[in-house]
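Got your viewer open? Let's take a walk through this one, stop by stop.

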Amino acid sequence: MASNRIEGLIQHLQTTEEELSAEIDCMLEEKRQQFHYTVHRGRVTFERNWRELQRRYRQGLLRYVLGAPLRHILTAPVIYAMIVPIALVDLCITLYQQICFRAYRIPRVKRGDYIVIDRHQLPYLNAIEKLNCVYCGYGNGVMGYAREIVARTEQYWCPIKHARRVRGMHLRTGLFFEYGDAEAYREGLKQLRRRWDEEPDL
């Protein structure tokens, strides 16, 4: 049956993701050794000689600004203006989960697992590049954080697959009931609302 095969593929994908996560951890450790840095409580520390070597690649602010394409300069205010809606999403989605997830007994999403700000610690970046990296890390982190909160909400309230293919589905969709399977939905909804241990691990 097609649905059984899809469920099998989803389980295989989740297993593969766990293996991939372990490989990424190993690769990160190799990169730490290769580029001579350690990470402790979110703080990156480079070996002294390596830090000095990296500083040689830093581009001065004046040279950086004067060498920037005009389109970058003209669109920068539009990009930076997006901090307002992004921060608003961050605030609203955090308040939402603090209130509603407690009421529904849904495990809360750890914000720090998604919003990682560390690239500003690279010695070869100038002040503008560091600001850009902080902004991108925050913006993308908020989107990932919000997506997981919304995915858990969907699993609680409407865990039904769509009738047609949807691009970019979150992994929790694999747990959902088939479109049109009324019996499975009515019989399994309460149980699915307790299956929070099966989290995507990317």
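## Stop 1: a glutamine and a backbone oxygen

Start by selecting Q155 and L192: the side chain of Q155 reaches the backbone oxygen of L192 at 3.1 Å. Keep in mind as you click around that this is a predicted model. Now colour the helix around your selection: Q155 sits in α6, which covers residues 127–157. Is Q155 buried or exposed? Its relative accessibility is 0%, and the cut-off for buried is under 20%, so Q155 counts as buried. To see what surrounds Q155, show R172, L175, F176, L192, R195 and W196 as sticks; Q155 touches each of these, with residues up to four places away in sequence left out of the list.

## Stop 2: zoom out

Hide the sticks and switch to cartoon. You should find 7 helices and 2 strands in the protein chain. Trace them from the N terminus and the order reads α-β-β-α-α-α-α-α-α.

Next, draw the principal axes if your viewer does that: the C-alpha trace spans about 65 × 40 × 35 Å along them. How does the radius of gyration of the protein chain sit against that of a compact globule of 202 residues? The globule would come in near 17 Å, while the protein chain has 22 Å.

Put a surface on. About 14,800 Å² is exposed, and carbon and sulfur atoms supply 58% of that. As for burial, 25% of the 202 residues count as buried. If you like contact maps, take the contacts with a separation of 6 or more: residues 24 or more positions apart account for 59% of them.

One last overview item is charge. Select the charged side chains and you get 31 positive and 24 negative ones, with the centres of the two sets 9 Å apart.

## Stop 3: along α5 and off its end

Select Q97, which lies in helix α5. At 1% relative accessibility, Q97 falls under the 20% limit and therefore counts as buried. Setting aside residues up to four places away in sequence, Q97 touches R102, R108, V109, Y145 and I149.

Then move to R105, in the loop between α5 and α6. Check its backbone torsions: phi of R105 is near 65°, a positive value in a residue other than glycine. Why bother looking at the sign? Because most residues other than glycine have a negative phi. R105 also counts as exposed, because its relative accessibility of 72% is over 50%.

## Stop 4: a tyrosine in the loop

Stay in the loop between α5 (83–104) and α6 and pick Y124. Which residue, 70 positions away along the chain, has its C-alpha atom 5.2 Å from that of Y124? It's Q54. Leaving out neighbours within four places in sequence, the contacts of Y124 are Q54, Y57, R58, Q59 and E129. Y124 has 34% relative accessibility, which is between the 20% and 50% limits, so Y124 counts as partly exposed.

## Stop 5: an alanine in α7

Finish by selecting A184 in helix α7, residues 182–192. A184 is partly exposed, with a relative accessible area of 22%. Show F177 and L189 too: A184 is in contact with both, once neighbours within four places in sequence are left aside. While you're in α7, look at its last listed position, 192, and you're back at the residue whose backbone oxygen the Q155 side chain reaches.

Technical notes:
Residues numbered from 1 in each chain as written. Predicted model: local features only at pLDDT ≥ 70, side-chain atom pairs only at ≥ 80, totals over all residues. Heavy atoms only, no water. Helix = DSSP H or I, 4+ residues; strand = E, 2+ residues; numbered from the N terminus. Rg over C-alpha atoms; globule rule 2.2 N^0.38 Å. Buried < 20%, exposed > 50% of the residue type's maximum accessible area, 1.4 Å probe, protein only. Contact = heavy atoms within 4.5 Å. Areas by Shrake-Rupley, 256 points an atom, 1.4 Å probe, with all protein chains shown as cover. Lys, Arg positive; Asp, Glu negative; His and termini not counted. Charge placed at Lys NZ, Arg CZ, Asp CG, Glu CD. Polar contact = N/O pair within 3.5 Å; in protein donor to acceptor, adjacent residues only side chain to side chain.
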